[in-house]
Amino acid sequence: MDLNETDLKAIQHLMGQGRITWSELAGLLELSAPATADRVRRLEERQVIQGYAALVNPEAVGCGLTAFVFITLERPKHRPNFLKKIAALSEVQECHHIAGDDDYLLKVRCGTTLELEQLVSEDLKGLTGVLKTRTTIVLSTVKESPVLPVKSETNTESS
């Protein structure tokens, strides 16, 4: 996908401060506010920017338990049903198709180990075609960021 230097700078600023005004962003990009708004709209239309969200403290909303669940499917034919179920589970924040011994890696958040047990034992292991699961509970998180390591020429010059 062709992104120029100004696009990359806009993306960097929006990842770090999603509520920045067009005027503030325009100043950082050295463009007019309407030109900045138009550029960002084009990035949204091209699905480079896929949406905006508030970053919420998981513990503040009762989702303080984070776990990673590795899933092995019995056969590839079970994939569509599995993916449909995963999409419907609000506790599953991320689902990655992975290489190696397992087929999928899920990042899940819930409030208690009892809720995690329900999710793994009933919702996941209860699915037809799930051969095995392996769960790792997170004790603490040192770093977690929604910001991608996007580099622009001006950003790398100052490094």
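Contact here means heavy atoms within 4.5 Å. Helices (H or I, at least four residues) and strands (E, at least two) are DSSP runs, numbered from the N terminus. The model is a predicted one: local features need pLDDT of at least 70, side-chain atom pairs count only at pLDDT 80 or more, and totals for chains, interfaces and linings use all residues. Residues are numbered from 1 along each chain as its sequence is written, and side-chain values use heavy atoms, with hydrogens and water left out.

**Exercise 1. Find out where Ile 49 sits and which residues it is in contact with, leaving aside neighbours within four places in sequence.**

Step 1: place the residue. Ile 49 is in the loop between helix 3 (33–45) and strand 1 (65–73).

Step 2: check the accessibility. Buried means under 20% relative accessible area, exposed over 50%, and partly exposed in between (1.4 Å probe, protein chains only). Ile 49 comes out at 10%, so it counts as buried.

Step 3: list the partners. With neighbours within four places in sequence left out, Ile 49 is in contact with Leu 14, Val 40, Leu 43 and Glu 44. Take Leu 14: it is 35 residues from Ile 49 in sequence, with 9.2 Å from C-alpha to C-alpha.

**Exercise 2. Work out the surroundings of Arg 109: is it buried or exposed, and which side chains does it join by polar contacts of 2.7 Å?**

Step 1: Arg 109 belongs to strand 3 (residues 104–110). Its relative accessibility is 11%, so this arginine is buried.

Step 2: go for the polar contacts. Such a contact is a pair of N or O atoms within 3.5 Å; within protein, one must be able to donate a hydrogen and the other to accept it, and residues adjacent in sequence count only if both atoms are side-chain atoms. The side chain of Arg 109 has one with the side chain of Thr 66, at 2.7 Å. Another, at 2.7 Å, goes to the side chain of Glu 144.

Step 3: fill in the rest. Beyond four places in sequence, the contacts of Arg 109 include Pro 58, Cys 63, Leu 65, Glu 91 and Gln 93.

**Exercise 3. Explain why Cys 63 and Cys 95 do not bond to their closest cysteine sulfurs.**

Step 1: set the cut-off. A disulfide is a pair of cysteine sulfur atoms within 2.5 Å. Searching the whole structure turns up zero disulfides.

Step 2: try Cys 63. The closest cysteine sulfur is in Cys 110, 7.7 Å away, so it's too far for a bond. Cys 63 is partly exposed at 26% relative accessible area.

Step 3: try Cys 95. Its closest cysteine sulfur is also in Cys 110, but here the gap is 16 Å, too far for a bond. Cys 95 is partly exposed too, at 31%.

**Exercise 4. Track down the aromatic pair in the structure and say which parts it ties together.**

Step 1: get the geometry rule. Rings of Phe, Tyr and Trp (its six-membered ring) pair if their centres lie within 6.5 Å; planes under 30 degrees apart count as stacked, over 60 as edge-to-face and the rest as tilted.

Step 2: run the search. It gives one aromatic pair. Phe 82 and Tyr 104 are the partners, tilted, with 4.9 Å centre to centre and 45° between the planes.

Step 3: place the partners. Phe 82 lies in helix 4 (residues 79–88) and Tyr 104 in strand 3, so the pair ties together parts 22 residues apart in sequence. Phe 82 is buried at 2%, and Tyr 104 is buried at 3%.

**Exercise 5. Describe how strand 2 and strand 3 pair, and then look at His 97.**

Step 1: two strands pair if DSSP finds at least two bridges between them. Strand 2 (residues 92–97) and strand 3 do so in the antiparallel sense, over five bridges. One bridge partner to note: Glu 94 has Lys 107, in strand 3.

Step 2: look at the turn. The hairpin has six residues between the strands, and Gly 100 there takes a positive phi near 120°.

Step 3: turn to His 97, which is found in strand 2. At 51% relative accessibility, His 97 counts as exposed. Leaving aside neighbours within four places in sequence, His 97 is in contact with Arg 79, Asp 103 and Tyr 104.
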